[in-house]
Amino acid sequence: MAPPSSLVFTVRRCKPELVAPAKPTPHEFKQLSDIDDQEGLRFQIPVISFYKYDPSMQGRDPVKVIREALAQTLVFYYPFAGRLREGPGRKLVVECTGEGMIFIEADADVTLEQFGDALQPPFPCWEELLFDVPGSGGVLNCPLLLIQVTRLKCGGFILALRLNHTMSDAASLVQFMMAVGEMARGAHTPSILPVWQRHLLNARDPPRVTCEHREYDEIADTKGTIIPLDDMAHRSFFFGPTEISALRRFMPRHLSQCSTFELLTACLWRCRTIAIQPDLDEEVRIICIVNARPKFDPPLPTGYYGNAFAFPVAVTTAGKLCENPLGYALELVKKAKNDVTEEYMRSLADLMVIRARPHFTVVRSYLVSDVTRAGFGEVDFGWGMPAYGGPAKGGVGAIPGVASFYIPFKNGLGEDGIVIPICLPALAMERFAKELDGLLKDQPVTNENSKFIVSSL
């Protein structure tokens with residue numbers, strides 16, 4: 001069951017404060033990598049975790065525990081307490097000023113139970129749970145991290161945070177939060193020490209682009225197909241064992257061993273394209289976030305907390321995508337994922353320097369990021385694992401409405417699966433839901449008004 005959208009509650013917030021490292025830290029300038037400071041990562045990424053009341057923690061205040069643990073952890077992760085500056089060639093540098101990150105203490109007149117069994121995006125009263133402190137949301141010269149801890153009536157609490165994405169990816173953010181959890185539980189040093197070494201993902205000298213990077217094609221949006229931001233609908237869709245096996249029925253034998261990520265990505269890309277109704281001859285794109293950490297030899301050092309992923313893309317026309325069987329989309333997704341190698345990452349860093357750090361192409365693009373293994377659900381501050389931990393909503397990014405996350409989730413029946421928040425204009429969302437439902441029930445949608453002749457796959 002989705003959370004009741006009618007749920008309304010009041011959040012009383014204290015004045016935002018700066019939490020600085022608990023001890024003096026070096027004042028120095030640290031360059032980000034040439035992967036970190038690309039235009040497509042210059043935004044704030046929101047994450048939220050819900051924690052249940054734990055009787056064994058009676059008398060301990062989560063606000064005080066987490067605030068102190070943050071100050072201790074920032075001694076090790078002191079660049080997070082600094083501010084970003086931009087140098088020549090749009091190069092981003094952290095000035096480690098020790099000013100600190102924003103922390104907000106809050107209380108809400110609601111219990112965890114009132115959110116319903118299934119905690120999933122979009123969350124009611126989201127803006128109240130992560131207050132956008134005026135003047136704090138910029139990429140440059142602003143705090144890099146904002147955390148709000150909201151106590152609930154039941155004794156549980158919600159931790160919501162916002163991170164400047166140029167600093168870290170999901171795996172790196174979880175590494176930092178795990179360290180905060182360890183400090184909150186009494187450790188004096190994080191079990192994994194942070195490693196900066198951003199030069200490891202810098203461009204070569206001289207830079208040379210050796211791979212194809214169509215995700216950075218420059219395309220004019222001649223037909224206005226970047227999604228409008230007004231009248232956007234947010235919905236989450238659950239894929240458990242039943243839904244996955246229903247989709248696998250459409251796979252030809254030679255693709256039957258495909259991963260769940262590949263299957264879901266092919267399916268969502270096709271359904272979403274049908275829903276937004278581009279012209280048949282228009283190019284459409286799927287961009288997959290691929291973790292590049294395993295691709296390096298020697299590997300990136302343990303504790304590296306920068307961005308270490310790529311945005312490989314598959315490109316086809318709307319007509320081919322929607323008129324071909326689902327296996328066609330899946331083959332394209334598989335190929336895009338396999339494009340990412342160490343050489344691809346070197347070539348990507350070189351492209352960033354040569355082309356002044358462009359944004360990936362958003363025209364007729366859909367971006368998917370699998371955070372099922374990122375570990376947001378394993379961060380423990382002493383109250384145990386969260387009932388939900390992960391991205392706060394779909395559609396975030398420098399260009400809203402383009403991205404979806406795959407989030408690990410247990411539904412009301414106790415089934416483990418993946419929940420995917422989707423963000424689309426309201427009418428397109430109706431078409432998307434209908435198309436997906438038709439696939440899951442093996443009843444192809446026929447719609448006289450549709451531009452597409454939708455095959456039964």
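1. A quick word on classes before the pockets: Ala, Val, Leu, Ile, Met, Phe, Trp, Tyr, Cys and Pro count as nonpolar, Asp, Glu, Lys and Arg as charged, and the others, Gly among them, as polar. With that in hand, the lining of the second largest pocket splits into 10 nonpolar, 6 polar and 7 charged residues.

2. Ground rules. This is a predicted model, where local features need pLDDT of at least 70 and side-chain atom pairs count only at pLDDT 80 or more, while totals for chains, interfaces and linings use all residues. Residues are numbered from 1 along each chain as its sequence is written, and side-chain values use heavy atoms, with hydrogens and water left out.

3. Back to that pocket. A pocket here is an open set of points on a 1 Å grid over the protein atoms alone, with protein on both sides within 12 Å along at least five of seven lines; a cavity is a set where a 1.4 Å probe fits but cannot get out, and lining residues have an atom within 4 Å of a point. Grid points are joined across faces, edges and corners, and a volume is the space filled by probe spheres set on the points. The second largest pocket comes to about 540 Å³. Its lining has 23 residues, and P386, A387, Y388, F409 and K410 lie nearest the centre. Two elements, β16 (388-391) and β17 (403-410), give two or more residues each, and β17 gives the most, with 3. Helices (H or I, at least four residues) and strands (E, at least two) are DSSP runs, numbered from the N terminus.

4. Now the closed spaces. The structure holds 4 cavities of 30 Å³ or more, and the largest has about 90 Å³ of space. Around the largest cavity sit V47, I48, S49, Y51, L159, L161, L173, M177, F376, V379 and F381. β4 (44-51), β9 (157-164) and α3 (170-184) each supply two or more of these residues, with the largest share, 4 residues, coming from β4. By class, this lining has 10 nonpolar residues, 1 polar and no charged.

5. Salt bridges (a side-chain nitrogen of Lys or Arg within 4 Å of a carboxyl oxygen of Asp or Glu) number 34 in the whole structure. One of them pairs R357 with D34 at 2.9 Å, N to O. R357 lies in the loop between α8 (342-354) and β15 (365-370) and D34 in the loop between β3 (29-31) and β4, so the pair ties together parts 323 residues apart in sequence. Are these two buried or exposed? Buried means under 20% relative accessible area, exposed over 50%, and partly exposed in between (1.4 Å probe, protein chains only). R357 counts as buried because its relative accessibility is 6%, and D34 is buried too, at 7%.

6. R214 and E283 make another salt bridge, with the closest N and O atoms 3.4 Å apart. This pair also links distant parts of the chain: R214 is in the loop between α3 and β10 (232-239), E283 is in strand β11 (residues 283-288), and they are 69 residues apart. R214 is partly exposed at 27% relative accessibility, as is E283 at 30%.

7. A local one: E342 bridges to R346, with 3.2 Å between the closest N and O atoms. Both lie in helix α8, 4 residues apart, about one turn of the helix. E342 is partly exposed, with a relative accessible area of 22%. Elsewhere, salt bridges that share partners join E17, D61, R67, E105, D107 and R151 into one network.

8. On to sheets, where two strands pair if DSSP finds at least two bridges between them. Three strands form an open antiparallel sheet in the order β3-β6-β5. β3 and β5 (83-86) stand at the edges with a single partner strand each, so one side of each has no neighbour in the sheet. β3 and strand β6 (residues 92-95) run antiparallel and are joined by 3 bridges; F29 has E95 in β6 as its bridge partner.

9. Last, strand β18 (residues 416-425), in which 9 of 10 residues are buried. It pairs with β10 in the antiparallel sense over 8 bridges, and R235 stands opposite I422 in β18. β17 and β18 also run antiparallel, joined by 4 bridges, with F409 opposite G417. These two strands form a hairpin with 5 residues between them, and G414 in the turn has a positive phi of about 85°. F409 comes up twice, then: it is among the residues nearest the centre of the second largest pocket.
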